[in-house]
Amino acid sequence: MSEEYDVIVVGSAFAGAVAAKTAAEKGLKVLLLERSTEPGEKIVSGGILTHDAFSEPGLEFIKEAPLERELKGVKWIMCNENGEAPLDLTFRSTDGSRVGYTIYCYDFCKWLTQLAVDAGAEFRNNTTVVDVIKKDGSVRGVVTEKGEKINSKVVIAADGGKSLIGIKAGVRRKLPPENVENCVVLDFTIPEREIRRLGLSDTFEVYWGTLTPADIGSYVWIFPYKESFHLGVGALVSSRKSPTIFMERFLHSNLWKDRFEDIVKFRSWMWNTVPLWSALDREEKMLEETYGNGVLIAGDAGGFLDSFTCAGFYGSMVSGMLAGETAAEAISKDDVSEQGLSIYEEKYKKRLIWRLMQRPWRRDVIAGIGGEKIIQLSSNISNYVIRAGFDQPKPSDLMLLFGGFLPILRYIGPFLNRKLPMLFNELMLIMGVAK
Ligand SMILES: Cc1cc2nc3c(=O)[nH]c(=O)nc-3n(C[C@H](O)[C@H](O)[C@H](O)COP(=O)(O)OP(=O)(O)OC[C@H]3O[C@@H](n4cnc5c(N)ncnc54)[C@H](O)[C@@H]3O)c2cc1C
């Protein structure tokens with residue numbers, strides 16, 4: 001008879017490694033499967049781990065993680081396609097608290113995976129899971145690309161936004177193209193003194209305006225690390241445009257040439273996808289379920305992202321932790337049915353991540369008006385500002401600007417009527433007055 005595990009976790013990144021660590025710490029026999037040679041190798045190369053993660057009960061251990069640079073602010077640069085930037089705004093937290101820390105996924109996920117192994121999980125790299133084993137309507141293990149069948153009581157799908165395993169298990173479906181963004185990210189090394197000189201030592205940059213048209217739903221960003229930085233840009237799949245066009249545009253602009261070209265060294269690049277707005281309106285985004293008979297889904301696979309920023313490191317780790325806990329509780333009660341695993345939902349609904357996924361006004365504004373329309377409007381505003389900074393805005397610019405407001409106007413009356421108290425509460429939260 002083939003060996004049986006209590007839990008098989010598919011994917012060893014933010015969600016999977018934490019799920020495996022948690023389940024192993026609870027005494028379960030855990031197998032953690034990763035398709036790449038090194039954990040973190042095949043995902044986005046880095047980003048900002050938001051401060052939410054550091055105050056989440058159960059995730060205290062991440063204070064020991066390989067963190068890169070502490071960030072306290074963001075600089076918004078409004079620019080046109082020629083790289084002219086008439087306006088920039090820097091937002092900093094007034095009380096000196098942080099935005100978060102930049103991290104390299106490769107270092108971070110390798111470290112997380114080691115924690116899972118230290119807790120007793122068995123880790124296998126270079127192993128791609130291609131299907132699940134089902135018995136009597138319940139997931140009971142996985143099939144690898146080598147045809148190996150491995151049995152388990154519970155499978156945790158932590159295989160990222162596309163989540164083949166979540167789909168094969170019948171828990172979720174494919175995300176529609178307007179919810180998926182292709183991103184290209186370049187990694188450069190730069191001396192630390194230059195990072196300081198460029199004002200990047202605790203601030204990241206976002207380039208917004210006609211450089212990136214509204215329908216791609218993205219902007220150019222620069223995330224600073226200790227002695228390196230990332231330059232990235234995305235484009236919604238539904239726009240049918242490649243983000244590389246906008247990356248090239250940026251690299252040919254004076255924004256790049258004047259500030260960076262002579263002092264940086266190109267190191268690597270990465271192409272990846274990110275699920276966008278998938279935390280909202282879960283039914284429509286086909287992510288209504290996060291568990292089924294013998295299966296749980298965590299991280300991007302389950303849409304555990306901040307609905308506003310689409311940051312997912314924190315949500316992935318907290319959902320991974322709760323999936324590991326749920327598996328342990330359900331196995332100890334000998335009930336890994338959908339009903340037995342439903343405590344997962346109860347658990348994450350009590351955490352901050354649920355509020356970030358569901359924030360009432362974000363949900364209503366973004367899902368009601370539409371994420372793309374909001375991007376369109378902010379892009380129209382920035383285009384207007386840019387033109388106004390150089391020459392007289394044309395009447396067509398004004399039309400464009402106010403045209404962008406129309407869908408909002410149609411919505412805002414009834415919305416304010418219903419949601420004003422919530423909006424007020426949200427404002428208090430942002431200002432740190434309420435908790
Ligand atoms: C360009 C870009 C920038 C981003 N910036 C930020 C940011 O600044 N801050 C932030 O919080 N979030 C950011 N995100 C989102 C963040 O990357 C994700 O939310 C996070 O990586 C999700 O973690 P995860 O563990 O759920 O899945 P993933 O990180 O996608 O990891 C899935 C893992 O599963 C493995 N895998 C997949 N399929 C299989 C299979 N069939 N068999 C075996 N293994 C498999 C993969 O190799 C991978 O290791 C960014 C995303 C992108 C694309």
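Among contacts in the chain between residues at least 6 apart in sequence, what share joins residues at least 24 apart? In this structure, which is a predicted model, the figure is 73%. The chain has 435 residues, and 45% of them count as buried. As for secondary structure, there are 13 helices and 18 strands.

I will start with the ligand. Its shell holds 38 residues, and the closest are G11, G47, G160, G299 and G312. Five elements give two or more residues each to that shell: α1 (14–25), β3 (46–50), β12 (180–189), β16 (265–275) and α7 (313–332). By residue class, the shell divides into 20 nonpolar, 13 polar and five charged residues. Where does the ligand lie with respect to domain 1 and domain 2? Domain 1 covers 4–67 + 103–175 + 284–358, and domain 2 covers 71–98 + 177–275. Both of them give residues to the shell, so the ligand lies between them.

Next, the nonpolar core. The largest one has 104 residues, and the members with the most contacts inside it are V9, V30, V155, I156, L296 and A327. Helix α7 provides the largest share of this core, with 11 residues. The core also draws at least three residues from each of domain 1 and domain 2. That gives α7 two roles in this account: it contributes to the ligand shell, and it contributes to the core.

Take L296 as a case from that core. Leaving aside neighbours within four places in sequence, L296 is in contact with V154, I156, T290, Y291, A323, T326, A327, L341 and Y344. Two of these, I156 and A327, are themselves among the core residues with the most contacts.

Y344 can be looked at from its own side. Y344 is found in helix α9, residues 343–349. Is Y344 buried or exposed? There are 24 other C-beta atoms within 10 Å, so Y344 is buried; the cut-off for that is 20 or more. Not counting residues up to four places away in sequence, Y344 touches T290, Y291, L296, L322, A323 and T326. For one of these, A323, the separation along the chain is 21 residues, and the C-alpha atoms are separated by 6.3 Å.

Now C310, for a contrast in burial. C310 sits in the loop between β18 (295–297) and α7. With 18 C-beta neighbours inside 10 Å, C310 counts as partly exposed, because the buried class begins at 20. Outside four places in sequence, C310 is in contact with V274, L276 and L305. L276 is 34 residues away from C310 in sequence, yet the C-alpha to C-alpha distance is 6.2 Å.

On to the strands. Which strands form the open sheet of three, and in what order? The order is β3-β7-β4, with antiparallel pairing. The edge strands are β3 and β4 (70–71), and each pairs on one side only. Between β3 and β7 (residues 100–104) there are five bridges in the antiparallel sense. One position to look at in that pairing is T50, which stands opposite G100 in β7. β3 also gives two or more residues to the ligand shell.

Strand β13, residues 203–209, pairs with two strands that I will mention. With β5 (residues 73–79) the pairing is parallel, over seven bridges, and V74 stands opposite F204 in β13. With β14 (residues 220–224) the pairing is antiparallel, over three bridges, and the bridge partner of E205 in β14 is I222. Five of the seven residues of β13 are buried, so this strand is largely enclosed by the rest of the structure.

Last, two backbone angles. N126 has a positive phi of about 45 degrees although it is not a glycine. N126 is in the loop between β8 (122–124) and β9 (129–135). With 13 C-beta neighbours inside 10 Å, N126 counts as partly exposed. D334 is another non-glycine residue with a positive phi, about 55 degrees. D334 lies in the loop between α7 and α8 (338–341). D334 is exposed, with 8 other C-beta atoms within 10 Å.

Methods: Residues numbered from 1 in each chain as written. Predicted model: local features only at pLDDT ≥ 70, side-chain atom pairs only at ≥ 80, totals over all residues. Near = placed C-beta within 6 Å. Helix = DSSP H or I, 4+ residues; strand = E, 2+ residues; numbered from the N terminus. Nonpolar A, V, L, I, M, F, W, Y, C, P; charged D, E, K, R; others polar. Domains from an automatic or database assignment. Core = buried A, V, L, I, M, F, W, Y, C linked by C-beta atoms within 7 Å. Buried ≥ 20, exposed ≤ 12 C-beta atoms within 10 Å, placed from the backbone. Contact = placed C-beta atoms within 7 Å. Pairing = 2+ DSSP bridges.
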